[in-house]
Amino acid sequence: MTSSLMSNDLTVLLLVVGVLFVHASYQLSVSVLSYMSGRALGQRTARRRLASLGAGYSLGVMSMIFLILLSIVVMTNTTAITHALALKLLTVVVAAVVPLIGLFTVLTYYRRGKGTKLWLPRPFADYLLWRARKTKSPVEAVALGATTVVGELPFVIGPLLIMAVVIAYQPVSLWAGYSALYALLATLPVMLIAWLFARGITPAQVQRWRERNKGFLQWSSGSLLVLLTIFLVILQIGAPA
């Protein structure tokens, strides 16, 4: 069943743009990329090798986003219940969980004080930094990018759940393609920063931008998650049974 509301191009576009903004506001992938690139620059790594590390890292981030998103969407096609009921249950999960993620984003995403220290538990943060220091090849960078997405899943699961509802309303034959497109768009900020590093922009310059804008990103992304959830629920209520 495809809701006429979810088939409306403007409706889908508004949801997708909002979700992509929220996803881009989460900064763990950028933090780890900056640290990895900073270490590589400190070791006088050639620009070409730095570019290959950034490309590998971006590929890992994109691949994991794609796999997680598509897995959520495919779960709505189970044989245990109808697809329509699965969509309603997924929407209930979104309504119950995503506003809480938005609240936690506003309250806890950045640690108090100066700088851009994130919410991560110290052992996992130390593990990511250790992996970033040890990353020497594009293959290792792919694994690091994928691990970073898993580490930030308590927050990025919010936009991914909303996006899963949007995609699940589309024809099954398009699920993989839409999931891949979203993964690509969601990874574009990471790709851009990796390209900037390879072109000579330093991690310190990116860090200064993050420090100046962390308050805006934190509050706007958390608030927008709540608004997107309300928007999605209203669309569901207005959808035909």
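These notebook entries record what I looked up in a predicted model.

**Entry 1: helix 9**

I began with helix 9, residues 175-199, and compared its length with expectation. At 1.5 Å a residue, its 25 residues should span 36 Å, and I found the end C-alpha atoms 35 Å apart, which agrees. I then looked for a bend and found one of about 45° at leucine 188. A proline, proline 189, follows within four residues. I noted the buried positions of helix 9, among them Trp175, Tyr182, Ala186, Val190, Ile193 and Phe197. Just after the helix, glycine 200 has a positive phi of about 115°.

**Entry 2: the largest cavity**

I next turned to enclosed space. The count of cavities of 30 Å³ or more came to three. For the largest cavity I recorded a volume of about 140 Å³. Its lining comprises 14 residues, and His23, Tyr26, Ser29, Ala186 and Val190 lie nearest the centre. Of these, Ala186 and Val190 are also on my list of buried residues in helix 9. Which helix gives the largest share of this lining? Helix 9 does, with four residues. Helix 2 (9-25), helix 3, helix 4 and helix 9 each supply at least two. By class, I entered ten nonpolar residues, three polar and one charged.

**Entry 3: the largest pocket**

I then examined open space. The largest pocket holds about 390 Å³. I listed 17 lining residues, with Ser31, Thr116, Lys117, Leu118 and Leu129 nearest the centre. Two or more residues come from each of helix 3 (28-42), helix 6 (122-134) and helix 10 (203-238). The largest share, five residues, belongs to helix 3. I classed the lining as nine nonpolar, four polar and four charged residues.

**Entry 4: threonine 76 and valine 74**

Finally I looked at two residues. Threonine 76 sits in the loop between helix 4 (47-74) and helix 5 (83-108). Is threonine 76 buried or exposed? I entered threonine 76 as buried, because its relative accessibility of 3% falls under the 20% cut-off. Beyond neighbours within four places in sequence, I found threonine 76 in contact with His83, Ala86, Leu90, Ala168 and Trp175. Trp175 is itself one of the buried residues of helix 9.

Valine 74 lies in helix 4. I recorded valine 74 as partly exposed, since its relative accessible area is 44%, between the limits of 20% and 50%. I also checked its separation from valine 172: the two are 98 residues apart in sequence, and their C-alpha atoms are 8.8 Å apart in space.

Technical notes: Residues are numbered from 1 along each chain as its sequence is written. This is a predicted model: local features need pLDDT of at least 70, side-chain atom pairs count only at pLDDT 80 or more; totals for chains, interfaces and linings use all residues. Side-chain values use heavy atoms; hydrogens and water are left out. The expected span of a helix is 1.5 Å times one less than its number of residues. The bend at a residue is the angle between axes fitted to the seven residues ending there and the seven starting there. Buried means under 20% relative accessible area, exposed over 50%, partly exposed in between (1.4 Å probe, protein chains only). On a 1 Å grid over the protein atoms alone, a cavity is a set of points where a 1.4 Å probe fits but cannot get out, and a pocket is an open set with protein on both sides within 12 Å along at least five of seven lines; lining residues have an atom within 4 Å of a point. Grid points are joined across faces, edges and corners, and a volume is the space filled by probe spheres set on the points. Ala, Val, Leu, Ile, Met, Phe, Trp, Tyr, Cys and Pro count as nonpolar, Asp, Glu, Lys and Arg as charged, and the others, Gly among them, as polar. Contact means heavy atoms within 4.5 Å.
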